[in-house]
Amino acid sequence: MATEIKVPTLGESVTEASIGEFLKNVGDAVAVDEPIVSLETDKVAVEAPSPVAGVIKEFKVEVGDTVEVGAVLAIVEEGATGAATGEEAGRAAQEREEGKEIREGKGEAASSDASQTLSPAVRRAVLEHGVDPSTIKGTGKDGRLTKEDVIAAAKAKGDPAPAPAPAASAPASAPAATGERREERVKMTRMRQTIAKRLKGAQENAALLTTFNDVDMSAVIEARTKYKDLFAKKHDIRLGFMGFFAKAACLALKDVPAVNAYIEGDEIVYHDYVDISVAVSAPNGLVVPVIRDAQDKGFARIEKDIADFGKRAKEGTLTMEDMKGGTFTISNGGVFGSLMSTPIINPPQSAVLGLHRIEDRPVVVDGEIVIRPMMYIALSYDHRLIDGREAVTALKIIKEAIEDPTRMLIDL
């Protein structure tokens, strides 16, 4: 019996997605709940699983297509155990032949890694760049190869990108291509388009302003050095800097509630809780999963949440629920070496804290010049809601809590 595989519910307010890649090919056997198509939404990548066991008969969509919730993605012949017949079998045979060409082009027998199922997009990239998939380590879910893996491997090998096909209407007088200068046009992913729209919208709709301060990180570094081994042994997680800044932010937002609020229509929405969005770099773009009720969590729980977000962001397994909501954002550009920046708020939030790299700098302490590990911190805020006095006060509270972590224990 033929079963339709449809676009699943994608989350609140998300009604459509783009086809990212096929995780199976026509003629492949699939198990119950085995993913067959990767979908790209505004926020995360979602996999569409097969509700039945059987064989993929046909796909109803192509990579790059935009589909709505409930649209048919593929047809699975329930209960079938062999390869599809007729036209589907021919297509499967062609795919196997392409795989053979890849292996023969390299003059090597395929290893167990090369036998993995390649999506059509990955297969095309392999053929275009002439690389051996068995030598490439996949970074996708469950170790699958992605198109980016193939391109990176080709660049590492030093192979030039495939030359674009000449335009049929090119003038006869056009100079011959030298092969030294090329352009590549790549369609923006749905996530990247959404990031672009949201960030530009934040600049257009909010009255953005940024205030700065610098923080002496000596006390936090000393605490981490003194307790990192005991902390890791007890909680099975490394004691990082983000836990300190998250708890310091909770103090500031409690004392300056406007920084933890947002504008909705002609009303201001205040919160008696702190849900901190943590900016995390993912392969497809920046994502902001949320630490819920950060004001009630200890350092260990916050550090575990952040580590889990980072791991799942790389794997592409973050869910819509992970990124829903958030009342305040922390972005750590210091991990990339940033000295100073003016972060953009994450709408509808009204403020974002930007962290930067730590470096030894001369500062004056008690009338003497000493070298201290310093960090610039920045608070970008929506001036429609937050006054300059409130923004400066909030950032100062964060600075004082980091320079004297005892304040976080006695709620000062």
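Which residues touch the most other members of the largest nonpolar core? They are Phe-245, Phe-328, Ile-330, Leu-353, Ile-377, Ile-398 and Ile-402, in a core of 57 residues. The model is a predicted one.

**Overall make-up**

The protein has 412 residues, and 42% of them are buried. Ten helices and 19 strands are assigned. Among contacts with a separation of 6 or more, 64% join residues 24 or more positions apart.

**The cores**

Back to the largest nonpolar core, with its 57 residues. Helix H6, residues 242–255, supplies the largest share of this core: ten residues. A separate core lies apart from it and holds 19 residues. Phe-22, Val-67, Ala-74 and Val-76 are among its members. In soluble globular proteins, nonpolar side chains tend to be buried together.

Ile-402 is one of the residues that touch the most other members of the largest core. Leaving out residues up to four places away in sequence, Ile-402 touches Val-215, Met-217, Ala-219 and Val-220. Phe-244, Phe-245 and Ala-248 complete that set of contacts.

**Two open sheets**

One open sheet has four strands in the order S5-S4-S2-S7, with antiparallel pairing. Strand S5 (45–49) and strand S7 (66–68) are at the edges. Each has a single partner strand, so one side of each has no neighbour in the sheet. From one strand to the next, the twist averages 45°. Within this sheet, S2 (residues 16–22) and S4 (residues 35–40) pair antiparallel over four bridges. Phe-22 has Val-37 in S4 as its bridge partner. Phe-22 also belongs to the 19-residue core.

Another open sheet also has four strands, ordered S1-S8-S6-S3, again with antiparallel pairing. Its edge strands are S1 (2–6) and S3 (29–30), and each pairs on one side only. S1 is joined to S8 (residues 72–78) by five bridges, and the two run antiparallel. Ile-5 stands opposite Ala-74 in S8. Ala-74 is another member of the 19-residue core.

Thr-3 lies in strand S1. Is Thr-3 buried or exposed? Its relative accessibility is 14%, so Thr-3 counts as buried. Beyond four places in sequence, Thr-3 touches Pro-51, Val-52, Ala-74, Ile-75, Val-76 and Glu-78.

**Parallel pairs**

Strand S16 (residues 328–332) takes part in parallel pairing with strand S12 (residues 276–278), over three bridges. Here Ser-277 has Thr-329 as its bridge partner in S16. S16 is also joined to strand S17 (residues 351–355) by four bridges, and these two run parallel. Thr-329 stands opposite Val-352 in S17. Strands of a sheet pair through backbone hydrogen bonds, either parallel or antiparallel.

The strand pairs named above compare as follows.

| Strand pair | Sense | Bridges |
|---|---|---|
| S2 and S4 | antiparallel | four |
| S1 and S8 | antiparallel | five |
| S12 and S16 | parallel | three |
| S16 and S17 | parallel | four |

**Aromatic and charged groups**

How many aromatic pairs does a search of the whole structure find? The search finds two. In one of them, the ring centres of Phe-244 and Phe-299 are 4.9 Å apart. Their planes stand at 65°, so this pair is edge-to-face. Phe-244 sits in helix H6 and Phe-299 in helix H7 (residues 299–315), so the pair ties together parts 55 residues apart in sequence. Phe-244 is buried, at a relative accessible area of 6%. Phe-299 is partly exposed, at 21%. The cut-off for buried is under 20% relative accessible area.

Two arginines sit over rings. The charged end of Arg-224 lies over the ring of Phe-241, 4.2 Å from its centre. That of Arg-361 lies over the ring of Tyr-376, 4.0 Å from its centre.

**A buried loop residue**

Where is Asn-260 found? Asn-260 is in the loop between H6 and strand S10 (262–264). With a relative accessibility of 2%, Asn-260 counts as buried. Neighbours within four places aside, Asn-260 is in contact with Leu-253, His-271, Tyr-273, Val-274, Thr-327 and Phe-328. Phe-328 is one of the residues that touch the most other members of the largest core. Asn-260 and Ser-350 are 90 residues apart in sequence, yet their C-alpha atoms are 7.1 Å apart in space.

Note on methods. Residues are numbered from 1 along each chain as its sequence is written. This is a predicted model: local features need pLDDT of at least 70, side-chain atom pairs count only at pLDDT 80 or more; totals for chains, interfaces and linings use all residues. Side-chain values use heavy atoms; hydrogens and water are left out. A nonpolar core is a set of buried Ala, Val, Leu, Ile, Met, Phe, Trp, Tyr and Cys residues joined through side-chain atoms within 4.5 Å. Buried means under 20% relative accessible area, exposed over 50%, partly exposed in between (1.4 Å probe, protein chains only). Contact means heavy atoms within 4.5 Å. Two strands pair if DSSP finds at least two bridges between them. Axes are lines fitted to C-alpha atoms, for helices over the stretch in contact, and angles run from 0 to 180 degrees between N-to-C directions. Rings of Phe, Tyr and Trp (its six-membered ring) pair if their centres lie within 6.5 Å; planes under 30 degrees apart count as stacked, over 60 as edge-to-face and the rest as tilted. A charge sits over a ring if NZ of Lys or CZ of Arg is within 6 Å of the ring centre and within 35 degrees of the ring normal.
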